[in-house]
Amino acid sequence: MAGVLPEAARIARATGAARSERVIARSRLSRLAERIVEGGVFLSAWIAILVIFLIFVFIGREALPLLWDTPQPGLEAEAVTLDRLVGPTYYSDRPPAYVWQPVSTVPKYNLVPLVVGTLKATVVAVLFAAPLAILAAIFSSEFAPRWLREIIKPTIELLAGLPSVVLGFFALMVLASWLQDLLGLTFRLNALNAGIALGLAVIPIIFTVSEDALTAVPNSYREASYALGANQWETASRIVVPAAVPGMFAGVVLGFGRAVGETMVVLMASGNAAITSWNFVEPVRTLSATIAAELGEVVFGSPHYRVLFLIGILLFAFTFVVNLSGELYVRRLKERLEGRTAG
Amino acid sequence: MRRLGSQPIGLFFIALSALAALSVVLILAIILGQIVHEGWGGITWAFLSSAPDKGMRGGGVWPALFGTFALVILMTIAVVPLGVLTAIYLFEYARPDSRLARAVNVAVANLAGVPAIVFGLFGLGFFVNFVGRNIDRLLYGGELAYGQPAILWASLTLALLTLPVVIVTTGEALRAVPMVAREASLALGATKWQTILKVVLPQCTSGILTGAILAVSRGAGEVAPIMFTGAAYFLPSLPTRLNHQFMELGYHIYVLTTQSPNVEETKPILYSTVLVLLLLTFALNAAAIVIRARFRASVRTA
């Protein structure tokens with residue numbers, strides 16, 4: 001007996017230890033699995049940052065050889081220099097001009113007509129969209145009865161969900177003819193037509209940001225104003241709208257950024273002629289539309305190919321700066337308005 | 001007491017703002033009305049199920065419809081896991097004020113603002129010219145297989161474009177799950193990941209579904225990112241492999257509108273094609289709105 005008990009105890013201890021070791025091992029395994037999963041979560045969090053970075057790198061990789069590629073002998077005339085990108089082309093028989101003519105015996109890669117074209121289309125877009133969107137946002141947030149708001153907001157969402165190729169199609173097939181008949185225009189497709197269609201694509205952004213800015217104004221402001229005897233119009237015009245103006249401004253800036261990058265609408269509705277003029281009823285060609293129209297037919301690795309990627313980098317850098325500053329600005333405004341209510 | 005006010009200037013501006021809101025609604029109604037009016041008659045089963053013929057002046061949209069579906073399915077497979085994992089990081093793991101969380105938030109907001117055409121350039125420069133060519137070099141001995149525009153590259157490009165949509169909607173759903181549910185699970189001894197997998201995510205399925213549907217609706221309408229990464233004018237056969245090119249509704253509309261020698265002749269087909277694309281994207285949006293409304297209602301009653 002005396003010898004059996006310690007023996008049993010030893011066995012019991014041993015199996016118990018083995019079991020607890022197994023338990024520990026299993027929990028270690030699951031902890032390891034959990035670590036791996038968490039590692040995956042952590043890695044995927046980087047993807048958005050990584051993509052932004054990769055966009056810069058891989059569009060730059062196609063564009064930047066422009067800087068150090070020495071042109072092949074005999075093709076010096078085709079070399080793209082900064083001077084040729086922004087400076088005028090000089091002719092012996094005509095006054096100097098800014099020309100985008102990438103397919104020609106002497107290709108000309110001047111970006112000025114494209115920048116001017118982009119500006120013309122986007123200025124029309126913003127002038128058309130901003131008043132409509134901001135007034136509609138004021139109406140929706142300050143004056144509209146509930147049932148009307150329930151119509152306006154889904155409409156804006158629907159407009160935002162309209163594919164840009166459909167807007168471009170409408171501008172090309174329908175709007176262009178209406179404008180031409182109405183104003184007696186020489187050119188059916190022009191900056192005005194493209195700009196208005198572009199404006200339709202931009203209205204949802206300006207509306208949403210403006211409406212956010214208006215609803216972020218604390219209700220206590222409105223109540224204080226009503227308590228002092230002001231009516232709805234006085235409250236809106238003297239209290240709410242002034243407090244929301246910076247937010248509306250940010251909305252317009254973000255809308256402008258979106259309009260500069262928008263492609264299909266201008267590609268289809270602008271006429272696509274690279275003319276340097278400030279006439280708004282002449283055809284225009286924008287930076288984005290140039291990429292879309294020409295990249296399909298270009299020789300891989302040629303100067304033309306690289307210039308198109310250079311335009312892409314410019315577009316990306318521009319919208320990046322606009323979006324980043326707009327985003328940070330809106331966030332700070334919100335914090336300030338909300339901070340005030342808390343304090 | 002709220003009063004409208006009696007000054008004429010006040011009434012004038014209120015009327016003006018109402019007019020602005022009304023004209024936005026009206027503009028949309030005109031666009032949709034025109035497209036439905038001109039396109040509705042042409043949508044028949046034959047139109048949906050046959051290929052274009054007579055040099056794209058006749059026939060239907062079946063290959064473009066098929067290509068669009070294949071494209072968005074591949075895109076969804078890529079974007080949903082990535083977007084959900086990123087949202088889980090942002091809302092479950094990261095402290096909201098940590099530097100990385102803020103950087104990720106800014107990057108997501110920025111990604112949402114990158115022009116579609118830039119995604120197209122990126123898809124060509126990265127997926128086709130870099131990833132694809134290296135796959136060909138390493139696995140196919142330099143033979144051309146993946147170093148060319150293909151449905152795989154187009155769908156991955158679209159996945160990056162729609163990533164912010166999925167992250168934002170999933171994030172909203174995660175935020176709606178009550179904190180007590182997590183705490184109860186952790187108190188019972190579940191680990192953090194078990195809590196997320198078994199308690200949090202099951203309550204978010206409709207939120208994630210909404211995100212996926214919104215991403216699909218956005219992706220189905222984008223043309224600029226796929227122009228150089230895989231979409232084709234016309235193909236005699238449907239894509240059956242990942243490295244095949246494909247036809248797509250939006251691109252088909254662009255091609256029919258701008259490359260047709262006689263637009264009057266293609267007009268009926270064109271309007272019907274536009275209507276098909278619109279019905280597709282609106283149906284998806286409507287589904288997302290309904291699911292989201294149900295989800296919000298269920299959270300409120302829970």
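In which helix of chain B is B:Val168 found? B:Val168 is found in helix H6 of chain B, where helices (H or I, at least four residues) and strands (E, at least two) are DSSP runs numbered from the N terminus. Because B:Val168 has 18 C-beta neighbours inside 10 Å, it counts as partly exposed. On this scale a residue is buried if 20 or more other C-beta atoms lie within 10 Å of its own, exposed if 12 or fewer, and partly exposed in between, with C-beta atoms placed from the backbone. The C-alpha atoms of B:Val168 and B:Ile117, which stand 51 residues apart along the chain, are separated by 22 Å.

This is a predicted model, in which local features need pLDDT of at least 70, side-chain atom pairs count only at pLDDT 80 or more, and totals for chains, interfaces and linings use all residues. Residues are numbered from 1 along each chain as its sequence is written, while chains are lettered from A and ligands numbered from 1 in the order in which they are written.

**Domains**

The domain bounds come from an automatic or database domain assignment.

| Chain | Domain 1 | Domain 2 | Distance between C-alpha centres |
|---|---|---|---|
| Chain A | residues 4–62 | residues 108–342 | 48 Å |
| Chain B | residues 7–42 | residues 44–301 | 31 Å |

In chain A, four residues of domain 1 are in contact with five residues of domain 2; two residues are in contact if their C-beta atoms, placed from the backbone, lie within 7 Å. The domain 1 side of this contact in chain A comprises two nonpolar residues, one polar and one charged. Here Ala, Val, Leu, Ile, Met, Phe, Trp, Tyr, Cys and Pro count as nonpolar, Asp, Glu, Lys and Arg as charged, and the others, Gly among them, as polar. In chain B, the contact between the domains takes six residues from domain 1 and eight residues from domain 2.

**Chain A**

Chain A has 13 helices and two strands, and buried residues make up 43% of its 343 residues. Of the contacts in chain A with a separation of 6 or more, 75% are accounted for by residues 24 or more positions apart.

The largest nonpolar core, a set of buried Ala, Val, Leu, Ile, Met, Phe, Trp, Tyr and Cys residues joined through C-beta atoms within 7 Å, has 186 residues. A:Ala136, A:Ala171, A:Ile206 and A:Val265 have the most contacts inside this core, and helix H8 (residues 191–216) of chain A gives the most to it, with 16 residues. Leaving aside neighbours within four places in sequence, the contacts of A:Ala171 include A:Ala176, A:Asn193, A:Val265 and A:Met268.

Helix H5 (residues 112–143) and helix H10 (residues 232–261) of chain A pack at an angle of about 145 degrees, with their axes 9 Å apart. Axes are lines fitted to C-alpha atoms, for helices over the stretch in contact, and angles run from 0 to 180 degrees between N-to-C directions. Residues of H5(A) in this contact include A:Thr118 and A:Phe143, and those of H10(A) include A:Gln232 and A:Val260. By class, the contact has 15 nonpolar, four polar and one charged residues.

**The interface between the chains**

Between the chains, 68 residues of chain B are in contact with 69 residues of chain A. Elements giving two or more residues to the chain B side include helix H6 (151–176) and helix H10 (263–301) of chain B, but H1(B) gives the most, with 15 residues. The chain B side divides into 48 nonpolar, 18 polar and two charged residues.
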